[in-house]
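Q: I would like to learn how to read the features of a protein model one by one. Could you take me through this one, with the general idea before each case?

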Amino acid sequence: MDVILKLVRNIITIDGPSGVGKGTLAFLLAEKLDWHILDSGLLYRLVGYLSLKEKLETTREIVQFLNKSKIQLVTNLKEGICEIKLNKKILGKELRNENIASRASELAKKEEIRNAIIKIQRNAYDSEKGLIADGRDMGTIIFPEAALKVFLLASPEVRAERRANQLKEKGMSVIMHDLLEQIQQRDEEDINRKISPLKPADDAIVIDTSSLSIKEVEKKVMENFKKL
Ligand code: C5P
């Protein structure tokens, strides 16, 4: 029997591969609508961090640690950053590097890990205030009830270029070839995993951002939002 979902107007999901502009779009929309942001990738990066930096070796150890910890997502709209409050520690910059992201991607294939953070993600929605949910499975698995689901696309080369510019702006050095390889490796892992693979929801609007500015993408999304 098919379950009929009651669609919710105050959740917008934004899914797509890494470096496609989901985060920037999420901030623009959250500012415009005065909604919250869920940067779900940051939760997976936390998992990568626990594995690499806190040396939690097995999936079981990571899940146990997640279950007993207080984890909050904090968004600073003015500064345009999302951070994680893990117990009393704030983690932001520490999570934003490709080593952590690659480890996050490997661990994101595991069902136990995904299940351990479903609740944190769903709790980010407060029906009084809307939510922009950014990730890989926001429209397909976490918030299928969202009335507007957006899926962003761009070639790996375009995304690597954008990422490189972002990193250079922050004064970080970039090896383009390595960046492209890491992006392709993560695409491969995210698209081909058995659980919650990266793919558009059946009712998502798909936007190829390769030749669009972020403002043009925002405009397209807002046009669709106003039609709801
Ligand atoms: O979005 P971000 O690049 O920070 O995500 C890091 C990694 O976390 C992704 O490459 C992906 O493997 C995983 N992820 C996921 N599901 C999400 C968000 C991120 O599997 N909803």
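**Reading loops, domains and a ligand shell**

A: We can begin with a loop residue: Asn87 sits in the loop between strand E4 (81-86) and strand E5 (89-91). Please keep in mind throughout that this is a predicted model.

Q: What is the phi value of Asn87, and is Asn87 buried, partly exposed or exposed?

A: For a backbone angle one looks at the sign and at the residue type together. Phi of Asn87 is near 50 degrees, which is a positive value in a residue other than glycine. Accessibility is then read against two cut-offs, 20% and 50% of relative accessible area, and because its relative accessible area is 35%, Asn87 counts as partly exposed.

Q: Where does Lys55 lie, and what is its phi?

A: The reading goes the same way, from location to angle to accessibility. Lys55 belongs to the loop between H2 and helix H3 (59-68), and its phi, near 55 degrees, is again positive in a residue other than glycine. Since its relative accessible area is 56%, Lys55 is classed as exposed.

Q: Which residues is Thr209 in contact with, once its neighbours within four places in sequence are left aside?

A: Leaving out sequence neighbours directs attention to contacts that the fold brings about. Thr209 is found in the loop between strand E8 (205-208) and helix H9 (214-226), and its contacts beyond four places in sequence are Val20, Leu152, Leu153, Ala154, Arg162 and Val217. Thr209 counts as buried because its relative accessibility is 2%.

Q: How should Glu216 be read, and what separates the C-alpha atoms of Glu216 and Leu52?

A: Here one sets separation along the chain beside separation in space. Glu216 is placed in helix H9, and with a relative accessibility of 41% it counts as partly exposed. Glu216 and Leu52 are 164 residues apart along the chain, and their C-alpha atoms are separated by 38 Å.

Q: Into which domains is the protein chain divided, and how many residues does each give to the contact?

A: A domain need not be one continuous segment, so its bounds deserve a careful look. The protein chain is divided into domain 1 (10-35 + 129-228) and domain 2 (40-127), whose C-alpha centres lie 18 Å apart. Domain 1 contributes 25 residues to the contact between them, and domain 2 contributes 26 residues.

Q: What makes up the shell around the ligand, and which helix gives the most to it?

A: A shell can be read by composition, by secondary structure and by domain. There are 14 residues around the ligand, and Arg45, Ser105, Arg114, Arg186 and Asp190 come nearest. By type, the shell divides into 3 nonpolar, 4 polar and 7 charged residues. Helix H2 (40-52) and helix H8 (176-192) each supply at least two of its residues, with H2 giving the most, namely 4 residues. Domain 1 and domain 2 each provide at least three residues of the shell.

Q: Which side chains place N or O atoms at 2.9 Å from the ligand, and how much of the ligand does the protein bury?

A: For polar pairs, one notes the element on the ligand side as well as the distance. An N or O atom in the side chain of Arg136 is 2.9 Å from an oxygen atom of the ligand, while for Asp137 the side-chain N or O atom is 2.9 Å from a nitrogen atom of the ligand. The ligand exposes 450 Å² when taken alone, and the protein buries 96% of that. Ser40 also has a polar side-chain atom 3.0 Å from a nitrogen atom of the ligand.

Definitions and conventions: Residues numbered from 1 in each chain as written. Predicted model: local features only at pLDDT ≥ 70, side-chain atom pairs only at ≥ 80, totals over all residues. Heavy atoms only, no water. Near = heavy atom within 4 Å. Polar contact = N/O pair within 3.5 Å; in protein donor to acceptor, adjacent residues only side chain to side chain. Areas by Shrake-Rupley, 256 points an atom, 1.4 Å probe, with all protein chains shown as cover. Nonpolar A, V, L, I, M, F, W, Y, C, P; charged D, E, K, R; others polar. Buried < 20%, exposed > 50% of the residue type's maximum accessible area, 1.4 Å probe, protein only. Contact = heavy atoms within 4.5 Å.
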